[in-house]
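Here is a short report on the fold and packing of one protein chain. Keep the structure open while reading.

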Amino acid sequence: MKMVYENSCMEIKEQYFKFTAGNLAEKIETSVNLGMDMNYSYGMSDILNEAVSYDEDNMDAVLINTEGDIVEYTFKGEEKEAERLVPIYSPYLRESLDGEEKITDIGDIRALIEPINVGDGYGYIIIMYGKDILFSINS
């Protein structure tokens, strides 16, 4: 029973993360279509902070432009940056950026990858969280 409960909780929480990431991707797509340049971080931090508002201490978000460069992220401080940037630059994650929505594991971190359709290419919102966050947060 406990395992079924934990799996159900995990699925529901990840569905919420996917829904949130999808909404944020739509906001960015709309902004870009209205003339905002995705390569500038102005205003993007507010959008990314929405992604991590569920649990700001345990979740982080990253915006990657169509060239694969990091535009903005929610984590600040040298230690946190070092911890979270390593997975973003990992070849495994970079190979996963193929225009599809997915959840992938990178060590102790789970990454929800949400593509942002921008003209002929894709940018991405990546929401990162520890695997144990799914069981530590009470809805």
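## The hairpin

Which two strands form a hairpin, and how many residues lie between them? Strand 1 and strand 2 form the hairpin, with five residues between them. Gly-68 sits in the turn and has a positive phi of about 90°. This is a predicted model, so read every value here as computed from predicted coordinates. The two hairpin strands run antiparallel and are joined by three bridges. In one of these pairings, Leu-63 has Glu-72 of strand 2 as its bridge partner.

## The sheet

The hairpin belongs to an open sheet of five strands. The strand order is 2-1-5-4-3, and the pairing is antiparallel. Strand 2 and strand 3 are the edge strands, each with a single partner, so one side of each has no neighbour in the sheet. On average, neighbouring strands are turned by 25° against each other, direction ignored.

Strand 1 also pairs with strand 5, in the antiparallel sense, over six bridges. Two positions help to locate this pairing. Ala-61 stands opposite Ile-127 of strand 5. Leu-63 stands opposite Ile-125 of strand 5.

## Strand 1 from both sides

Is strand 1 enclosed or open? Six of its six residues are buried, so strand 1 is largely enclosed by the rest of the structure. Met-59, Ala-61 and Leu-63 point one way from the strand. Asp-60, Val-62 and Ile-64 point the other way, and these are buried too. Asp-60 is also among the residues that Ile-127 touches.

## Helix 1

Helix 1 covers residues 2-33. It has 32 residues and reaches 46 Å from its first C-alpha to its last. That is close to the 46 Å expected at 1.5 Å a residue. Gly-35 follows the helix and has a positive phi, near 110°.

Which residues of helix 1 are buried? They include Cys-9, Phe-17, Ala-21, Leu-24, Ala-25, Ile-28 and Val-32. Lys-13, Glu-14 and Thr-20 are also on the list, as is Gly-22.

## Helix 2

Helix 2, residues 44-51, lies across strand 1, strand 2 and strand 5. It runs at about 140° to strand 1. Its buried residues are Met-44, Ile-47, Leu-48 and Ala-51. These four cover an arc of only 95° around the axis, which puts them on the same side of helix 2. Their cover includes helix 1, strand 1, strand 2 and strand 5.

## Helix 3 and helix 4

Does the length of helix 3 agree with or depart from what its twelve residues should span? At 1.5 Å a residue, residues 78-89 should span 16 Å, and the end C-alpha atoms are 16 Å apart, so the two agree. Arg-84, Leu-85, Pro-87 and Ile-88 are buried in this helix. Seen down the axis, they fall within an arc of 155°, so they line one face of helix 3. The face turned away carries the exposed residues Glu-78, Glu-79, Val-86 and Tyr-89. On the buried side, helix 3 packs against strand 1, strand 2, helix 4, strand 3, strand 4 and strand 5.

Helix 4 spans residues 91-96, and Ser-96 lies in it. Why is Ser-96 classed as buried? Its relative accessibility is 9%, and buried means under 20%, so Ser-96 counts as buried. Leaving out residues up to four places away in sequence, Ser-96 touches Lys-102 and Ile-113.

## Two nonpolar cores

Nonpolar side chains tend to be buried together in soluble globular proteins. In this model, the largest nonpolar core has 22 residues. Ile-28, Met-38, Leu-63, Ile-116, Ile-125 and Ile-127 touch the most other members. Helix 1, helix 2, strand 1, strand 4 and strand 5 each give two or more residues to this core. The largest share, six residues, comes from helix 1.

Which residues does Ile-127 touch, beyond those up to four places away in sequence? Its contacts include Phe-17, Ala-21, Ala-51, Met-59 and Ala-61. Arg-110, Ala-111 and Leu-112 are also among them. A second core of 15 residues is separate from the largest one. Its members include Phe-75, Leu-85, Ile-88 and Leu-97. Two of these names, Leu-85 and Ile-88, also appear among the buried residues of helix 3.

Conventions. Residues are numbered from 1 along each chain as its sequence is written. This is a predicted model: local features need pLDDT of at least 70, side-chain atom pairs count only at pLDDT 80 or more; totals for chains, interfaces and linings use all residues. Side-chain values use heavy atoms; hydrogens and water are left out. A nonpolar core is a set of buried Ala, Val, Leu, Ile, Met, Phe, Trp, Tyr and Cys residues joined through side-chain atoms within 4.5 Å. Buried means under 20% relative accessible area, exposed over 50%, partly exposed in between (1.4 Å probe, protein chains only). Contact means heavy atoms within 4.5 Å. The expected span of a helix is 1.5 Å times one less than its number of residues. The arc is that of the directions from the helix axis to the C-beta atoms. Two strands pair if DSSP finds at least two bridges between them. Axes are lines fitted to C-alpha atoms, for helices over the stretch in contact, and angles run from 0 to 180 degrees between N-to-C directions.
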